[in-house]
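This report goes from the overall dimensions of a chain to its ring pairs and then to two residues. Please look at the structure first.

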Amino acid sequence: MSDRIPVKNVSGVEVHQPNSANKKRHPSRSRIYVRAVKGPLETFRRFFGLFFLALFAVLPFIQYNGRQAILLDITEQRFSFFALTLWPQDLTLFAYIFIISAFALFFVTTFAGRVWCGFMCPQTTWVYIFTWFEEKIEGSRNKRMKLDERPMDVDKFWRKTLKQFSWWTVSILTAILFVGYFTPVRPLFMDFFTFQTGFWATFSILFFAVCTWGNAGYMREIMCTHICPYARFQSAMFDQDTITVAYDARRGEARGPRPRKIPHEELAEKGLGDCIDCNLCVQVCPTGIDIRNGLQYECINCGACVDACNGVMEKMNYPKGLIRFASEDSLAGGTTKVFRPKLIGYFAVLVIMIAVFAANLLYRVPLEVDIIRDRNSLYRETNQGLIENVYTLKILNKSQQPRTYQISVEGLPSYELIGNKAVQVDGGEVATLPISVATDAYNLEDAVTEIRFNVSTITSQGEEIQVTEPSKFLYR
Ligand code: SF4
Ligand code: SF4
């Protein structure tokens, strides 16, 4: 069985297009005035978005052991997540996180289309916040259209100014919070509003503020339809059982206006479907498409048209669900197959990757040791006639607690360590320790002897942490 969605020729398609009266090669797009909609999906989307917005705003302020719990410190190359601190050496863990995110997205998209875009994507959430301000200040869709058409006057001026003020306030707060994930957020807030932030912090905040303002205020659906790569490759994951927002053409056609008093049972006799052609589903669509034209890559699965159409169906006394979350198969009268090879495959890889990630995290040794041999001299003889090699140990304590590390050497029958045999390293710090190993020449059979440095510690819970690093002992 082919997983491809059959290509259909849809006549009379009116996809949202740049102003068709303008025949320039790259004409400017016509602005979308989104109509507000009410319904269970919209309410769910609003609370879901607000929940993640609250999480985004609160997380950087949470303290753990007297420091910012989540801090991605790029200058120090230290990434803290509560009790866990990751370093560039933990690159594989970051790679697992990206792979898990990718497969989670593949799985969700194959199962339920672009629900990530419609319900969780920051772009959608911020556009929602911006349009909320727009609606409160400039009024409903029709009022906004009229306001934009008329020349500047006092009323228009104060509304536009207030809207810009609210947009910029949200943008700057967003940018400070975002930068606050990379640099301590509490002083950042104080410093920014007292003009004391350094150049890079100020530049980053202004840059992200401009991006937020531009994306959520003006770019809006262009981000979802032309810039975001996800919109382009999602179709590779769709199949006939993917649940997306869809118009039931078998039930809706032939569309057209009709008096409200015609009972639903008599529509077929009059050659009418359930769609009254009110255009509400198009007016509430944030990407400006007409879902009645079939599955389109611009659709972000937000469900606004579902709520709008259900409201119309309710008023007309027709059954709800003319536009609904449904698969191609179920729309064609079949049943949606949940357990299918592609979905099971994505799920299996996801579970395996999560297990591998968890195992890596669980067995991760919070200690990193680097051994650097002294390159200036191969070896030297001590006053006692011993052969001495000099090394520099770099000990990185990847935990968040100070620890004392013991140093020992394997591979020589007897030896003497000249320098500290134990070193205390603060949590998240690197200690650089010059150390010499000296041994009797009788212990050395070859010019090069393979040795191993052991660096170990006992945690407060009694657990032993040990790292063994190979090196060479040179003679002759
Ligand atoms: S909202 Fe429903 S009834 Fe109105 S045009 Fe859209 S599909 Fe037809
Ligand atoms: S067609 Fe419906 S689900 Fe798709 S983006 Fe528009 S309103 Fe949202």
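The radius of gyration is taken over C-alpha atoms, and the globule rule is 2.2 Å times the number of residues to the power 0.38. The model is a predicted one. For a compact globule of 476 residues, the rule gives a radius near 23 Å, but this chain has 32 Å. Along the principal axes, the C-alpha atoms fill a box of roughly 110 × 65 × 50 Å.

## Overall picture

The chain holds 15 helices and 16 strands. Of its 476 residues, 42% count as buried. Take the contacts with a separation of 6 or more: residues 24 or more positions apart account for 67% of them. The accessible surface comes to about 26,600 Å². Carbon and sulfur atoms contribute 62% of that area. On the charge side, there are 52 positive and 46 negative charges, and their mean positions are 11 Å apart.

## Ring pairs

How many aromatic pairs are there? The count comes to 29 aromatic pairs. One of them joins Phe 56 and Trp 126, with ring centres 5.5 Å apart and planes at 85°. Planes over 60 degrees apart count as edge-to-face, so this pair is edge-to-face. The pair links distant parts of the chain. Phe 56 sits in helix α1 (residues 40-58), while Trp 126 sits in helix α4 (residues 122-138), 70 residues apart.

Trp 200 and Phe 203 form another edge-to-face pair: their ring centres are 5.8 Å apart and their planes stand at 90°. Here both partners are in helix α8 (residues 199-219). They are 3 residues apart, so about one helical turn separates them.

The four partners are set out below with their relative accessibility.

| Residue | Relative accessibility | Class |
|---|---|---|
| Phe 56 | 19% | buried |
| Trp 126 | 12% | buried |
| Trp 200 | 61% | exposed |
| Phe 203 | 43% | partly exposed |

Is Phe 56 buried or exposed? The cut-off for buried is under 20% relative accessible area, so Phe 56 at 19% counts as buried. Trp 200 falls on the other side: exposed means over 50%, and its value is 61%, so it counts as exposed. Phe 203 has 43%, in between the two limits, and therefore counts as partly exposed.

Trp 200 and Phe 203 also belong to a cluster linked by ring pairs. Its members are Phe 178, Phe 182, Phe 199, Trp 200, Phe 203, Phe 207 and Phe 208.

## Thr 110 and Tyr 346

Thr 110 lies in helix α2 (residues 91-112). Its relative accessible area is 0%, so Thr 110 is buried. Which residues is Thr 110 in contact with, leaving aside neighbours within four places in sequence? They are Met 237, Asp 239, Thr 242, Arg 340, Lys 342, Leu 343 and Tyr 346.

Tyr 346 is placed in helix α15 (residues 341-362). At 16% relative accessibility, Tyr 346 counts as buried. Not counting residues up to four places away in sequence, Tyr 346 touches Phe 103, Phe 106, Phe 107, Thr 110 and Met 237. Met 237 therefore appears in the contacts of Thr 110 and of Tyr 346, given that contact means heavy atoms within 4.5 Å.

One span completes the account of Tyr 346. Its C-alpha atom and that of Tyr 363 are separated by 26 Å. Along the chain, Tyr 346 and Tyr 363 are 17 residues apart.

Terms used:
Residues are numbered from 1 along each chain as its sequence is written. Chains are lettered from A and ligands numbered from 1 in the order in which they are written. This is a predicted model: local features need pLDDT of at least 70, side-chain atom pairs count only at pLDDT 80 or more; totals for chains, interfaces and linings use all residues. Side-chain values use heavy atoms; hydrogens and water are left out. Helices (H or I, at least four residues) and strands (E, at least two) are DSSP runs, numbered from the N terminus. Buried means under 20% relative accessible area, exposed over 50%, partly exposed in between (1.4 Å probe, protein chains only). Accessible areas come from the Shrake-Rupley method with a 1.4 Å probe; for residues, only the protein chains shown count as cover. Lys and Arg count as positive and Asp and Glu as negative; His and the chain ends are not counted. The place of a charge is taken as NZ of Lys, CZ of Arg, CG of Asp or CD of Glu. Rings of Phe, Tyr and Trp (its six-membered ring) pair if their centres lie within 6.5 Å; planes under 30 degrees apart count as stacked, over 60 as edge-to-face and the rest as tilted.
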